[in-house]
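Dear colleague,

Please find the structure below, together with its sequence. My notes on it follow.

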Amino acid sequence: MLTELIARRIEPLLQNSWRRLEGAVCGLGIALVCSCTGLAHASDYSLGALDKVSVKVVQWQTAEGTFREWPTITSTYTVTSSGNLTLPFAGSIPVSGKTPKDAADAISRSLQQKLGLVDLPETSVEIVEFRPVYVSGLVQLPGKYIFEPDMTVLKAVSLAGGVRRSVDEGQRFERDFFNAEGSYAVLIAERNRLIAALARIQAELQNQPEITMPAEIAKDPQSAALISAEKEIMVSKQNGVDLQLSALQELKALYEAEIISLEKKMVVQNRQLGLAKDELRSIGGLADKGLVVNSRVMDLKTTVADMEGKLLDLDTASLRAKQEVNKATRDASDLANTRKAALTVENRTTQAALDENNLKLVMYKKLMAEALVNAPESAVATGMVAPLLNYTIVRAKDGKVTETAAKEDTLLMPGDMVKVAVSRNPA
């Protein structure tokens with residue numbers, strides 16, 4: 001029987017099997033998707049020589065109600081230079097220019113035809129590794145490099161070691177230019193940060209709720225982010241000061257309330273003391289005549305003395321509370337003065353750093369100008385000369401080879417060749 005012949009020729013099926021048809025179909029759907037971020041849809045990608053793909057073949061077993069995998073064919077394959085995939089049983093199948101789905105359909109039909117299968121097997125083709133890109137021209141390490149999704153011209157040139165450098169005198173000046181340019185770019189970023197910090201300090205010194213955008217950095221793409229970061233610093237510091245002032249204000253309010261309470265107690269105490277003294281005076285004469293026992297007089301004198309002592313305690317407590325109120329007021333004033341002094345020091349330090357930064361910028365600008373005089377074919381000088389690096393993409397499609405001018409951020413496709421050249425600045 002043909003079925004028995006197929007069973008003898010195909011190795012034992014994989015251990016994992018889907019128990020439900022829906023799970024198998026879902027699995028196949030996932031396998032058919034290739035990771036092609038940065039390219040067109042995976043279904044639009046055309047296979048080519050040196051693409052590595054994972055091929056998986058499964059077949060529906062009607063009797064068992066499951067899908068079973070063919071381990072003999074399931075493996076990773078590389079598209080040959082002639083654009084074919086060579087698989088066991090299926091043989092050599094042309095796939096160049098086909099999408100992964102079309103290639104999978106071709107494999108299924110070939111297997112069905114060569115093995116005499118009644119049902120068409122299910123095949124998935126997933127891209128494991130794209131065909132490489134090539135970099136040539138004035139780079140350190142010309143050659144082929146593994147393609148990655150979202151690969152740009154700049155990334156490919158970086159993989160190739162960047163622009164080629166040599167040990168001759170001209171290349172030394174070129175390196176000097178690149179070093180100075182890099183330092184110049186770092187200093188520009190630092191200068192912008194210092195300018196934003198100065199703007200924040202000025203806003204704090206003037207008690208302004210917002211930071212005014214400095215004209216020096218208004219055109220910088222990162223200016224909004226810099227001002228936003230400084231605003232967060234300002235808000236954080238202001239919140240800290242507000243919390244301290246709030247705590248001092250609450251403490252001051254408590255002591256003021258205590259003073260009011262003590263004053264009320266003193267009024268009551270003075271009234272009671274007056275009554276006790278009046279009673280003592282009224283019975284003082286009677287005591288001299290022997291009409292009132294001396295113990296009663298002594299009790300009144302003791303009561304008067306106690307009341308006078310308590311009155312002194314209340315007066316002392318009131319004075320202490322008033323001192324604490326004055327201290328809280330002084331602390332709030334000291335807090336404001338300390339903050340202003342710290343801002344003044346920060347302003348002076350930041351201004352000094354900015355002045356030093358400007359001096360360095362002038363120095364590196366002169367170094368770049370000197371390097372350009374000695375190496376006029378240096379790559380790109382920020383804001384000084386026109387771009388001198390030329391990029392060209394060589395791409396083969398539908399049997400035709402085209403060359404297209406490109407920029408550093410131009411996206412590449414698998415199989416592209418990037419040519420790097422330097423042209424003399426016309427200025």
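K327 has a relative accessibility of 39% and therefore counts as partly exposed, since that class lies between the buried limit of 20% and the exposed limit of 50%. Please bear in mind that this is a predicted model.

Salt bridges within helix α7

K327 forms a salt bridge with D331, and the closest N and O atoms of the pair are 3.1 Å apart. Both residues belong to helix α7, which covers residues 294-374, and the four residues that separate them in sequence correspond to about one turn of the helix. D331, at 26% relative accessibility, is likewise classed as partly exposed.

A second pair in helix α7 consists of E356 and K360, again four residues apart, or about one turn of the helix. Their side chains meet in a salt bridge with an N to O distance of 3.6 Å. E356 is partly exposed at a relative accessible area of 45%, and K360 is partly exposed at 36%. Elsewhere, R200, E204, E230, K237, R339 and E346 are joined into one network by salt bridges that share partners.

A salt bridge between loops

In total, the model contains 15 salt bridges. One of them is formed by the side chains of R131 and D51, at 2.6 Å from N to O. R131 is located in the loop between β6 (122-129) and β7 (133-137), while D51 is located in the loop between α2 (21-31) and β1 (52-61); the pair therefore ties together parts that lie 80 residues apart in sequence. Both R131 and D51 are buried.

The surroundings of S108

S108 is part of helix α3, which spans residues 100-115. Its relative accessibility is 4%, so S108 counts as buried, the limit being 20%. The side chain of S108 reaches the backbone oxygen of P121 at a distance of 2.9 Å. Leaving aside residues up to four places away in sequence, S108 touches L120, P121, E122 and T123.

The hairpin of β4 and β5

Strands β4 (residues 84-87) and β5 (residues 91-94) run antiparallel and are joined by four bridges. Within this pairing, T86 has S92 in β5 as its bridge partner. Three residues lie between the two strands of the hairpin, where F89 adopts a positive phi near 70 degrees.

With kind regards

Methods
Residues are numbered from 1 along each chain as its sequence is written. Side-chain values use heavy atoms; hydrogens and water are left out. Buried means under 20% relative accessible area, exposed over 50%, partly exposed in between (1.4 Å probe, protein chains only). A polar contact is a pair of N or O atoms within 3.5 Å; within protein, one must be able to donate a hydrogen and the other to accept it, and residues adjacent in sequence count only if both atoms are side-chain atoms. Contact means heavy atoms within 4.5 Å. Two strands pair if DSSP finds at least two bridges between them. A salt bridge is a side-chain nitrogen of Lys or Arg within 4 Å of a carboxyl oxygen of Asp or Glu.
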